[in-house]
Amino acid sequence: MPFDQYHEPPSELPEKTRTFARMVTSLIEEAEAIGWYEQRIAVEKDGQARAIMENAQKEEFKHFGMDLEFLLRAKPDWREELQEILFTEGDIVERGEKAEDKVG
Ligand SMILES: [Fe+2]
């Protein structure tokens, strides 16, 4: 279970690729945590408990962002594509198509 991030024999993977795979797994886990907190917050009746969970969810936003930035620094094509999509206005699908056209 702890080695699920590898789809190839880890011993055959370069260290850089193993780090990349670990960070992808970490990104997934942070996204899952954000989703889990979202659900807990939605059903929690106690205001103090909800505030603590909201605070914790914000920590997960930060962790997700740091993981993503690490990965984008490792993959310039990924960064270039996301620059057309993230922090923009308008139709997201159109932005995605534009990004695909640009990066190829
Ligand atoms: Fe986290």
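**A guided tour from E84 to the iron site**

Begin by selecting E84, which is placed in the loop between α3 and α4. The model is predicted, so local features need pLDDT of at least 70 and side-chain atom pairs count only at pLDDT 80 or more, while totals for chains, interfaces and linings use all residues. Residues are numbered from 1 along each chain as its sequence is written, and side-chain values use heavy atoms, with hydrogens and water left out. Helices are DSSP runs (H or I, at least four residues), as are strands (E, at least two), and both are numbered from the N terminus.

**Stop 1: E84 and its partners**

Is E84 buried or exposed? E84 is buried, with a relative accessible area of 11%. Here buried means under 20% relative accessible area, exposed means over 50%, and partly exposed lies in between (1.4 Å probe, protein chains only).

Next, display what surrounds this residue. Not counting residues up to four places away in sequence, E84 touches R95, K98, A99 and K102; contact means heavy atoms within 4.5 Å.

Now select R95 together with E84. Their side chains meet in a salt bridge, at 3.6 Å from N to O. R95 lies in helix α4 (residues 92-103) and E84 in the loop between α3 and α4, so this pair ties together parts that are 11 residues apart in sequence. A salt bridge is a side-chain nitrogen of Lys or Arg within 4 Å of a carboxyl oxygen of Asp or Glu.

Then move to K98, whose side chain also meets that of E84 in a salt bridge, at 3.9 Å from N to O. K98 lies in helix α4 and E84 in the loop between α3 and α4, so the pair ties together parts 14 residues apart in sequence. K98 is partly exposed, with a relative accessible area of 47%. Adding K102 to the selection completes a network of salt bridges that links E84, R95, K98 and K102.

**Stop 2: R79 and E69**

The structure holds eight salt bridges. For another of them, select R79 and E69, whose side chains meet at 2.6 Å, N to O. This pair links distant parts of the chain: R79 is in helix α3 (residues 76-83) and E69 is in helix α2 (residues 47-74), 10 residues apart. R79 counts as partly exposed at 25% relative accessibility, and E69 counts as partly exposed at 27%.

**Stop 3: the iron ion**

Which residues are the protein donors of the iron ion? They are E30 (OE), E60 (OE) and H63 (ND1), lying 2.0 to 2.2 Å from the ion. Donors are N, O and S atoms within 2.8 Å of the metal (3.2 Å for Na, K and Ca); water is not among the atoms, so sites may look incomplete. Along the chain, the donors of the iron ion follow the spacing E-x29-E-x2-H. E30 is in helix α1 (residues 15-43) and E60 in helix α2, so that the pair links distant parts of the chain, 30 residues apart. Select these two glutamates in turn: E30 is buried, with a relative accessible area of 14%, and E60 counts as buried at 13% relative accessibility.

**Stop 4: along α1**

From E30, extend the selection to the whole of α1. This helix has 29 residues and reaches 42 Å from its first C-alpha to its last, close to the 42 Å expected at 1.5 Å a residue. The expected span is 1.5 Å times one less than the number of residues. Colour A21, M23, S26, L27, E30, A33, I34, Y37 and I41, which are buried in α1. The buried residues of α1 pack against α2.

Select F20 next, which lies in helix α1 and is partly exposed, with a relative accessible area of 24%. Leaving aside its neighbours within four places in sequence, F20 is in contact with L71, A74, K75 and W78.

**Stop 5: the nonpolar core**

Finish with M23, L27, L68, L71, L72 and L82, the six residues of the largest nonpolar core. Such a core is a set of buried Ala, Val, Leu, Ile, Met, Phe, Trp, Tyr and Cys residues joined through side-chain atoms within 4.5 Å. The elements that give two or more residues to this core are α1 and α2, and the largest share, three residues, comes from α2. Centre the view on L82 last: leaving aside neighbours within four places in sequence, L82 is in contact with L68 and L72.
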